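Biologist: Before I trust the words used for this model, I would like to hear what stands behind each of them. Could we take them one at a time?

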Amino acid sequence: MVLKEVYNPHTESAFDQYKTEHASSIADPESYWGQKALENLDWFSPFDAVLQGSFTDGSVAWFVNGKMNACYNAVDRHVDTKGSQVALLWEGDEPGDTKSYTYTQLLARVCQIANAMKAEGVKKGDVVTVYLPMMPEVTMVMLACARIGAVHSVIFAGFSADAIAERIAASQSKWVFTSDEGLRGGKRLPLKNICDNAMNKEICINVVSKCFVFERTGGKCNWSDSRDVKFGALADSQRPYCPCETMDSEDNLFILYTSGSTGRPKGVVHTVGGYCLYAMETCKNSFGLKDGDVFACVADAGWITGHSYIVYGPLLNGVTSFMFESTPMYPDEGRYWDCVERHKINVFYTAPTAIRSLMRFGDTAPNKYDLSSLRVLGTVGEPINPEAWRWYYEVVGREKCSVVDTYWQTETGGHVITNYPGVTPMKPGSCTLPCFGIEAVVLDSQTGKEIEGNDVEGVLAIKQPWPGVTRTCLGDHERYLNVYMKPYPGYYFPGDGCRRDKDGYIWITGRVDDVLNVSGHRIGTAEVESALVAHPSVSQAAVIGFPHDIKGQGICCYCTLTYGHEESEDLVKELRNAVRVAIGPFATPDLIVPTPSLPMTRSGKIMRRILRKIAAGETDTLGDVGTLGDPSVVQKLIDKVETLQ
Ligand code: 6R9
């Protein structure tokens, strides 16, 4: 079948309405967002101004002096009208192992957790590290933090002890949540023990006061009576009501560490009012939410996608949020579709890498299940290749669902470019058009000037503040300015390249900095390189991404060895492991290429462009290698990579 360029399940009038609303949201963002904030959020006391500050000096503030509470908006306010509706629907690792909490029940449990935290001494403004598996408690703890004004810092449960320690130390987090173990794909993960290894590292000594431990499997784990608290039991003994802290709209709601092109991971900060409004509005618009929907975002709560579209977005909108503990392949490749059938899921949101890996098994699995409840299918994390898009649309969606390709980042808080279901004509592979309130422009990367017209290519930038934009990097506002605001003054710079096609549609062409996107996980090449050079055998490392059929990008590490170290299979294994230990298993290199030297310019710069081409097998388009100090290294590397691949 030929791939069509444009898919049109939309109505012309809805598309025109989008264009009008988008134009007015850009022309007058203050009245647009001011009205949305009053209509959609409950305020304890109203704001004095809608927007203050600018990108130029990094001083953006929304709903100035407004007072509210994110947990109140996500839970309490629905209890009167939707108390008996399921708020959180959880499916555990084993099919059919489910739990559900109505809005009334969720409120009670969140309050008990909040009271238990207070009893242990957690205060407004404290940073609380959350290293939990996908159990319902991860959502409850985030909401309980929001309730008492503590700032959650969720760390994806795939991160290693080194990575956790770095984040605990950077945020000086006194409180850490974890569970005895995690359970995924039938395997137990020793989360508490990993956490202990982190908390016992030198950089964390005297930082952590208490470790709050939930029981997930009942498995054995290390225990320290002075530091560890059996938190489930403590919460059981608490009163099921806890008052909400009155928060300023610009108080911190959470931090989330994410990779950048240089240095250590950044603590991206989101604040209460703007983030809530943006998560709520984008969830509603991008997925065309309807009252009573069962909304399934199968990402991990430890990534921004989980924050905005498992926890805050769906609950602020008062729908049922589905949480999934397992993997798409467990016990077999029909698991997602089995969940859709049993739970009558209406909106399903996943990543291209998952779609590609399921597509390899063919159509049998999705065809076995009743998927008629589905209305909208979402994708996020990386560009989706048109073949995967078509499979999702035709085989999963049976050509009846909209596929929304949502482009955004940790820093944007919510979607910034996506089609809206039933509104925007779809083009497989393009995230299409900007969301309400987003003025997306294409800049010339060299001059920083806006490129007008269609059929053009450059870097993506956003021209004016929107409520969900990150306000700072924890403890490092300078870095915030340098990374997002200063590259193109007056614009927010997300770090992605893009093309605007003949119809004005945006196509993301990938990162223009040294950040890799492996199965939708953002990984800084600098982090991988620093893990490698920390090994005594490596003197220099250059890490680059190369095209990978399933993961989108694979990780290729070129390493020069220190004198006296020989290349061997064992060494390659050790180096792979060094990266797993420093970051986590999801960052395991696909290729390690030991080499006597790297292609360098005469001024000593590693020629990454050439390394990229070699790893991608594009050796006939290497370009000019004449400026290299030693051009012969190139052929040696080409031969080597060929034997390894
Ligand atoms: C939500 C999330 C952000 C980076 C982003 C871009 C890539 C995300 C995309 C996409 C093309 C999409 N990205 N969604 N590229 N099309 N629909 O993934 O956040 O982990 O911070 O990653 O992911 O490169 O800059 P985060």
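**Spaces, ligand and backbone**

Modeller: Helix H6 provides the largest share of the lining of the second largest pocket, namely six residues. Please keep in mind throughout that this is a predicted model.

Biologist: What makes a residue part of the lining of the second largest pocket, and which residues are closest to its centre?

Modeller: A lining residue must have an atom within 4 Å of a point of the space. The second largest pocket holds about 540 Å³ of space, and of its 28 lining residues Glu166, Arg167, Gly263, Arg264 and Pro265 are the closest to the centre. Helix H6 (161-171), strand S15 (266-271), helix H16 (525-533) and helix H17 (569-582) each supply at least two residues of that lining, which by class divides into 16 nonpolar, three polar and nine charged residues.

Biologist: Why is an empty space called a cavity and not a pocket?

Modeller: A cavity is a set of points where a 1.4 Å probe fits but cannot get out, whereas a pocket is an open set, so the word depends on whether the probe can leave. The structure holds two cavities of 30 Å³ or more, and about 70 Å³ of space lies in the largest cavity.

Biologist: Which elements give two or more residues to the lining of the largest cavity?

Modeller: They are strand S14 (252-258) and strand S27 (521-524), and S27 gives the most, with three residues. Among the residues that line this cavity are Arg167, Tyr257, Thr258, Trp303, Arg522, Ile523 and Gly524.

Biologist: How is the lining of the largest cavity divided by class?

Modeller: The lining of the largest cavity has six nonpolar, three polar and three charged residues. Tyrosine counts as nonpolar and glycine as polar in this scheme, so Tyr257 falls in the nonpolar class and Gly524 in the polar class.

Biologist: What lines the second largest cavity?

Modeller: That cavity has a volume of about 30 Å³, and its lining consists of Trp33, Tyr278, Glu281, Thr282, Asn285, Tyr420, Cys435 and Phe436. Helix H9 (residues 272-286) gives the most, with four residues, and by class the lining has five nonpolar, two polar and one charged residues.

Biologist: How do you know that aspartate 405, threonine 410 and aspartate 496 make polar contacts with the ligand?

Modeller: A polar contact is a pair of N or O atoms within 3.5 Å. A polar side-chain atom of aspartate 405 lies 2.7 Å from a nitrogen atom of the ligand, one of threonine 410 lies 2.5 Å from a ligand oxygen, and an N or O atom in the side chain of aspartate 496 is 2.6 Å from an oxygen atom of the ligand. Each of these distances is within the limit, so each pair counts as a polar contact. The protein covers 96% of the 530 Å² of accessible area that the ligand has on its own.

Biologist: Which residues around the ligand come nearest?

Modeller: Of the 17 residues around the ligand, Asp405, Thr410, Asp496, Arg511 and Arg522 come nearest. Helix H10 (304-316), strand S20 (402-406) and strand S25 (506-511) each supply at least two residues of the shell, which has six nonpolar, six polar and five charged residues.

Biologist: Why is the radius of gyration of the protein chain said to agree with that of a compact globule?

Modeller: With 645 residues, a compact globule would have a radius of gyration near 26 Å, and the protein chain has 24 Å, so the value agrees. The chain has 19 helices and 30 strands.

Biologist: What makes proline 331 and threonine 432 worth listing by their backbone?

Modeller: Most residues other than glycine have a negative phi, and most peptide bonds are trans. The peptide bond from tyrosine 330 to proline 331 is cis, with omega near -5°, and proline 331 is placed in the loop between strand S17 (320-324) and helix H11 (335-343). Threonine 432 has a positive phi, near 75°, and is found in the loop between S20 and strand S21 (440-443).

Conventions. Residues are numbered from 1 along each chain as its sequence is written. This is a predicted model: local features need pLDDT of at least 70, side-chain atom pairs count only at pLDDT 80 or more; totals for chains, interfaces and linings use all residues. Side-chain values use heavy atoms; hydrogens and water are left out. On a 1 Å grid over the protein atoms alone, a cavity is a set of points where a 1.4 Å probe fits but cannot get out, and a pocket is an open set with protein on both sides within 12 Å along at least five of seven lines; lining residues have an atom within 4 Å of a point. Grid points are joined across faces, edges and corners, and a volume is the space filled by probe spheres set on the points. A residue is near a molecule or strand if one of its heavy atoms lies within 4 Å of it. A polar contact is a pair of N or O atoms within 3.5 Å; within protein, one must be able to donate a hydrogen and the other to accept it, and residues adjacent in sequence count only if both atoms are side-chain atoms. Accessible areas come from the Shrake-Rupley method with a 1.4 Å probe; for residues, only the protein chains shown count as cover. The radius of gyration is taken over C-alpha atoms; the globule rule is 2.2 Å times the number of residues to the power 0.38.
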